[in-house]
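User: Please take a close look at one helix in this structure and describe how its buried side is covered. Set that part in the context of the whole chain.

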Amino acid sequence: MKAAGQKKLMLFSGRTHPELAEQVADQLGIEVAPTKFQDFANGEIFVRYLESVRGCDAFVLQCHSDPINESIMEQLIMVDALKRASAKRITVVTPFLGYARQDKKHRGREPISARLMTDLFRTAGANRLMSVDLHTDQIQGFFDGPVDHLFALPLLADYVQSRVDIAEATIVSPDSGRVRTADRWADRMGTPLAIIHKRRDPDVANEVKVHEVVGQVRGRTCVLVDDMIDTAGTIVKAADALFEQGAREVIAAATHGVLSGPAAERLQNSRISEVVITNSLPVPKDRQFDKLTQLSIAPLIARAISEVFSDGSVTSLFES
C-alpha cells in the first residue's frame, strides 16, 4: 500500500497471534512483512526482517498473551530492529497491553508497571501506541507520544443487541471501576444500568467478594460488561449475585479474554448463558468452551491503521 509521496505502509507481526495479523493484513489488502524469529538455547530472542524497511511507516502488531513477558520482550526487540533499520515511523499495535492493571499504587512500595511498559516502548523507538480498551483511560498519558485508544464497544454491543430483547435488558457493571464503561453501553443500547458493589482482598490476588446489586435486574436479561476476563472470579460471582436478585438470564461481554487458570471451567460451569469476547488475545483450544463466542477486531484495527497511515482521523471511527 502506498500513498502520495511514496509513503509505504508495512505490517509486522510477532508470534503470539499471527492469525489476527493475517486478518488485519487481508483487510488492508497487504501482506505481513516476512520476519525471521529465532530462540537461542538460553531463551534469548533474535529478530531479523527479510526485506528493506527503510523509510516505511511500520506497524508492529503483537498481542501480550501467555507467556506474557516473552511476548512483550519480542515486540520490544522488533521495535528496536525497525529503529536501527531506519523505519520512518514506528507504531506499536498491542490490542491487549500487558501490565495495564498496574496503573497506580494501591499501597506504599509498589510499582506502576503500566508506566514502565510505555517507557520501554518509547525507549525502544516507538513513535506511536495503538491499543484496544485500555484498563484505565489515564494510561494514555503514560506514553510520551500519540496514543490511539480504540473501543470494541460497537462490535460487542451490535452482537448483544442481535442476541437479546433490548426492552428487557439491563447493562451491569461488575464493579465501581467499570461504571463508565457500562454507562457507555447503556447509552448506546438504550437500556437501564445496574452496578454491583464488590470488595477485593488486597493481600490475595484474584479474590473477590461480591456484596450488593444496585439497580433493576429482577426478571431481566443482564449483560455484564468488563474490559477483560482473567480468572473469571469477578464475572462468575457477579452473575451469582444477579441471579440471587431475580435475574432471568446473564450474558457476559468483555474485550479481552485472558482466561487464565480455572477461567474456562468456571465459566462453563456457571449459570452465565454466553460469554462474548473479541480475538484481541488468542484462545488456545484447551481454554475454549461451549459458551464462548469470539468476535474479530481485525476490521477495527485495520481501519485505525489506515487512518493513521493516511493522516486521517481515528476518532471518526467512533463518532456515530
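Analyst: A residue is called buried here when its relative accessible area is under 20%. By that cut-off, buried residues make up 51% of the 320 residues in the protein chain. The model is a predicted one.

The helix chosen is α4, which runs over residues 153-163. Its buried residues are Leu153, Leu156, Ala157 and Val160. These four cover an arc of only 95 degrees around the axis, which means that they sit on the same side of α4. The general background is that an α-helix has 3.6 residues a turn, so residues three or four places apart point the same way.

The cover over the buried residues of α4 includes one helix, α5 (179-189). Strands also contribute to that cover, among them β12 (221-229), β13 (249-257), β14 (274-278) and β15 (292-295).

As for the chain around this helix, the protein chain has eight helices and 15 strands. Of its contacts with a separation of 6 or more, 63% are between residues 24 or more positions apart. The radius of gyration is 20 Å, which agrees with the value near 20 Å for a compact globule of 320 residues. Along the principal axes, the C-alpha trace spans about 60 × 45 × 35 Å. The protein chain exposes about 15000 Å², and carbon and sulfur atoms supply 47% of that area.

An unreviewed UniProt entry lists residues 9-125 as "domain: Ribose-phosphate pyrophosphokinase N-terminal". In the model, that span is 34% helix and 21% strand, and its end C-alpha atoms lie 17 Å apart.

Methods:
Residues numbered from 1 in each chain as written. Predicted model: local features only at pLDDT ≥ 70, side-chain atom pairs only at ≥ 80, totals over all residues. Heavy atoms only, no water. Buried < 20%, exposed > 50% of the residue type's maximum accessible area, 1.4 Å probe, protein only. Helix = DSSP H or I, 4+ residues; strand = E, 2+ residues; numbered from the N terminus. Arc of directions from axis to C-beta. Contact = heavy atoms within 4.5 Å. UniProt positions renumbered as here; feature names shortened; annotations may be inferred. Rg over C-alpha atoms; globule rule 2.2 N^0.38 Å. Areas by Shrake-Rupley, 256 points an atom, 1.4 Å probe, with all protein chains shown as cover.
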